[in-house]
Each structure stands twice: as structure tokens, then as C-alpha cells.
Amino acid sequence: MESKYKDPLHGITLQKIVETLADYYGFDTLGELIPIKCFTSNPSVKSSLTFLRKTDWARKKVEDLYVKTLPKLS
């Protein structure tokens, strides 16, 4: 039972992840770190969520960046 809570993404929505990364890095830097169109061309949280919900490989990159960024947020 305890092991499922070791997942750092447990209980975190995709919207929260994107908002946190956008606040921390800004869309300019986010677009450099993960060069996908939803971060580089007219970026917004809404358009990013739409794309990331449909595109598993991009969502994985965003989630990985979030996990790497967690220690910096504390």
C-alpha cells in the first residue's frame, strides 16, 4: 500500500504540472527545455493541456521535467 504513494506524481493533475512549470520556468524557457509547439508558438496553459492530453510522449517529457524540478520548488 505504501509503495503507490512513492510516485511523486500521485494526486497531481496535468493542469497543476503545466501551471507549476510555466510559473517556475516561463514558457520561453519551457520551450527551450521541451521544444514542442504548444510551448514555443503562442503558448498557453489551455493549449498545452489540449496537446499533452493527446500526445503521450510529450506528456511523459513534461512529467519527467516536473519530477526533476520538484526539489527546486521546495
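In the predicted model, helix α3 spans residues 45–54 and contains three buried residues, Ser48, Leu49 and Leu52. These residues cover an arc of only 100° around the axis and therefore lie on the same side of α3. The face of α3 turned away from this buried side carries Lys46 and Lys54, both of them exposed. The packing partners of the buried residues of α3 are three helices, namely α1 (14–33), α2 (37–40) and α4 (56–73).

Within helix α3, Ser48 has a relative accessible area of 0% and is accordingly classed as buried. When neighbours within four places in sequence are left aside, the contacts of Ser48 comprise Val18, Phe27, Cys38 and Phe39. One of these residues, Phe27, is located in helix α1. With the neighbours of Phe27 within four places in sequence likewise excluded, Phe27 is in contact with Ala22, Phe39, Pro43, Ser44, Val45 and Ser48. Phe39 thus appears among the contacts of Ser48 and also among those of Phe27. Between Phe27 and Lys60, the C-alpha to C-alpha distance is 17 Å, at a sequence separation of 33 residues.

Charged pairs were examined next. Side chains of opposite charge can pair when their charged atoms come close. A search of the whole structure yields two salt bridges. In one of them, Arg59 is paired with Glu63, and the closest N and O atoms are 3.0 Å apart. Arg59 and Glu63 are four residues apart in helix α4, so about one helical turn separates them. The two partners fall into separate accessibility classes: Arg59 is partly exposed, at a relative accessible area of 29%, whereas Glu63 has a relative accessibility of 18% and counts as buried, because the cut-off for that class is under 20%.

The other salt bridge joins Lys60 to Asp64, with a distance of 3.0 Å between the closest N and O atoms. Lys60 and Asp64 also belong to helix α4, where a spacing of four residues corresponds to about one turn of the helix. Lys60 is partly exposed, with 47% relative accessibility, and Asp64 is likewise partly exposed, with 31%. Helix α4 therefore holds the Arg59 and Glu63 pair as well as the Lys60 and Asp64 pair, and α4 is also one of the helices against which the buried residues of α3 pack.

Note on methods:
Residues numbered from 1 in each chain as written. Predicted model: local features only at pLDDT ≥ 70, side-chain atom pairs only at ≥ 80, totals over all residues. Heavy atoms only, no water. Buried < 20%, exposed > 50% of the residue type's maximum accessible area, 1.4 Å probe, protein only. Helix = DSSP H or I, 4+ residues; strand = E, 2+ residues; numbered from the N terminus. Arc of directions from axis to C-beta. Contact = heavy atoms within 4.5 Å. Salt bridge = Lys/Arg side-chain N within 4 Å of Asp/Glu carboxyl O.
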